[in-house]
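Trainee: I have a structure to read and I am new to this. Please take me through some features, one at a time.

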Amino acid sequence: MKKRAKIKWVILLAVIVAVASLDGLSSNINLLDRAVVVGMGIDCPDGELVLSVQVIIPKNSSSASQGNDFVVYSARGKNVQEAVENLSYTIGLKASFAHTNVVIAGDSFLKSGRTDVLAFLVSSDLVTDNTLLVASAGEAKEILSVQMPVNEVASYHLAEILQSNRKDAGQVSADLRSYFEDIYNVGETACLPVVFLRESEFGLLGEQAGGEKTKLLDVSHVAVMNKEGYLVRLGRRQSAALSYTTEKLNAGSISYVGDDGMKKEVVILRTDCSKRALSFDEAEIALDISVRSSQKYYVSQNGASVGISEAEKKQIRAQIISSVADCFEVCKYYDADVFHLGEEFYRRFGEEWKASVPTSYLGFVRLKVTVDLNVK
């Protein structure tokens with residue numbers, strides 16, 4: 001009898017401890033007392049972190065100015081934790097990062113060498129590992145604050161561009177998980193899409209617009225990073241070449257000069273890429289690209305349908321090969337393995353390859369590029 005009573009009290013005590021633990025895990029903060037962060041920007045203009053957030057303010061909160069539910073706040077800190085605490089104090093609400101779509105790394109932050117910040121984001125539970133990670137050509141706060149058409153939110157618009165089903169030439173995408181996977185692979189090189197502002201030809205809507213033009217977000221450039229930080233920014237041509245090898249594209253175009261001397265272009269329908277190591281110092285990138293002419297086909301005198309001639313196909317192939325080679329040479333100068341060729345060498349030859357080549361192996365690599373061009 002005493003044994004049963006003892007077991008009963010042990011079970012009761014266990015239930016009380018479990019209930020108390022679960023209650024501690026729950027948050028009693030009301031939704032109206034939260035600032036829901038949808039986009040985060042990180043700048044480092046003078047050595048100290050500046051954390052900017054785009055937040056959703058509940059409509060019945062007095063913090064939202066002029067009824068605008070989306071507001072950008074900034075706070076400083078020696079590290080992320082301190083900046084987050086200062087943000088909540090500045091906003092007057094508890095900052096919640098569970099719905100953060102994108103983290104924007106400003107130019108000053110990328111060049112500061114503060115790699116500990118990104119390491120904290122991926123190791124902590126502040127944001128999810130699949131949160132998009134992009135670089136900014138200027139201040140990250142400027143991107144979050146930009147006036148978008150039809151009152152759209154910059155964070156949402158940026159996420160829509162990078163997660164669209166239409167993969168455009170020149171656009172690459174990255175999230176926190178893929179960034180660190182690339183950084184810690186052979187070659188230790190990662191790429192981030194660079195977002196910068198372009199002025200559109202359309203004006204802002206509403207009485208407050210005052211003739212101001214809307215801004216468009218452009219993500220056709222790429223920032224190349226390694227463990228120590230920023231290396232180089234690739235332009236449109238090199239970024240397009242990189243996207244052929246890292247993304248399965250179904251949009252974008254390739255310009256060329258037709259047999260008649262006129263400027264023309266083909267539209268990309270599909271791309272596929274395979275890479276392999278041929279020897280210890282030679283690798284191959286094989287591209288399979290399907291395109292269609294942006295011009296209407298016409299019928300020649302002999303009744304054949306004429307679209308893209310063999311000479312024009314040869315020119316398009318040569319242009320693609322040249323752009324990939326150009327991207328490779330630019331990145332080789334900075335010892336940046338953007339095509340992840342080191343992974344291919346290691347996959348085929350293993351430790352024997354790593355033991356026989358220097359750390360800066362790219363300087364000894366010969367790259368062969370082939371293009372199978374299919375015209376639809």
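Mentor: Start with burial. Buried means under 20% relative accessible area, exposed over 50%, and partly exposed in between, with a 1.4 Å probe and protein chains only. C327 has 0% relative accessibility, so C327 counts as buried. Know your source too. This is a predicted model, where local features need pLDDT of at least 70, side-chain atom pairs count only at pLDDT 80 or more, and totals for chains, interfaces and linings use all residues. Residues are numbered from 1 along each chain as its sequence is written, and side-chain values use heavy atoms, with hydrogens and water left out.

Trainee: How many disulfides does a search of the whole structure find?

Mentor: The general idea comes before the count. A disulfide is a covalent bond between the sulfur atoms of two cysteines. The test here is a pair of cysteine sulfur atoms within 2.5 Å. The search of the whole structure finds zero. Take C191: its nearest cysteine sulfur belongs to C331, 6.7 Å away, and C191 is in no disulfide. C327 is in no disulfide either; for C327 the nearest cysteine sulfur is that of C331, at 4.3 Å. C191 has 15% relative accessibility, so C191 counts as buried.

Trainee: Now a helix. Which residues of α2 are buried?

Mentor: First, the terms. Helices (H or I, at least four residues) and strands (E, at least two) are DSSP runs, numbered from the N terminus. The expected span of a helix is 1.5 Å times one less than its number of residues. Helix α2 covers residues 80-91, which is 12 residues, so a span of 16 Å is expected at 1.5 Å a residue; its end C-alpha atoms are 16 Å apart, which agrees. The buried residues in α2 are V80, A83, V84, L87, S88 and I91. They lie on the same side of α2, because they cover an arc of only 140° around the axis. That arc is taken from the directions from the helix axis to the C-beta atoms.

Trainee: Why do residues three or four places apart point the same way?

Mentor: An α-helix has 3.6 residues a turn, so residues at that spacing point the same way. Now look at the other face of α2. Turned away from the buried side, that face carries the exposed residues E85 and Y89.

Trainee: What do the buried residues of α2 pack against?

Mentor: Contact means heavy atoms within 4.5 Å. The buried residues of α2 pack against β1 (34-43), β2 (49-56), β3 (70-77), β4 (94-96) and α4 (115-123). Try L51, found in strand β2. At 4% relative accessibility, L51 counts as buried. Leaving aside neighbours within four places in sequence, L51 is in contact with residues including A83, V84 and L87. Others in that list are M40, G41, I42, Y73, S74 and A75.

Trainee: What happens at the start of α2, and what follows α2?

Mentor: At the start of α2, a side-chain oxygen of N79 reaches to within 3.3 Å of the backbone nitrogen of Q81. After α2 comes G92, with a positive phi near 85°.

Trainee: Which side chain does S155 join through a polar contact?

Mentor: A polar contact is a pair of N or O atoms within 3.5 Å; within protein, one must be able to donate a hydrogen and the other to accept it, and residues adjacent in sequence count only if both atoms are side-chain atoms. S155 lies in helix α6 (residues 154-162). Its partner is Q54: a polar contact of 2.6 Å joins the two side chains. S155 has 1% relative accessibility, so S155 counts as buried.

Trainee: Where is E312, and is E312 buried or exposed?

Mentor: E312 is in helix α9 (residues 310-333). At 3% relative accessibility, E312 counts as buried. A polar atom of the E312 side chain lies 2.9 Å from the backbone nitrogen of S309. E312 and Y256 are 56 residues apart along the chain, yet their C-alpha atoms are separated by 7.7 Å.

Trainee: Last topic. How many aromatic pairs are there?

Mentor: A pair of aromatic rings is described by the distance of the centres and the angle of the planes. Rings of Phe, Tyr and Trp (its six-membered ring) pair if their centres lie within 6.5 Å; planes under 30 degrees apart count as stacked, over 60 as edge-to-face and the rest as tilted. By this rule the count comes to seven. F180 and Y184 form a stacked pair, 6.3 Å centre to centre with 15° between the planes. W353 and Y361 have ring centres 5.1 Å apart and planes at 70°, so that pair is edge-to-face. Both W353 and Y361 are buried.
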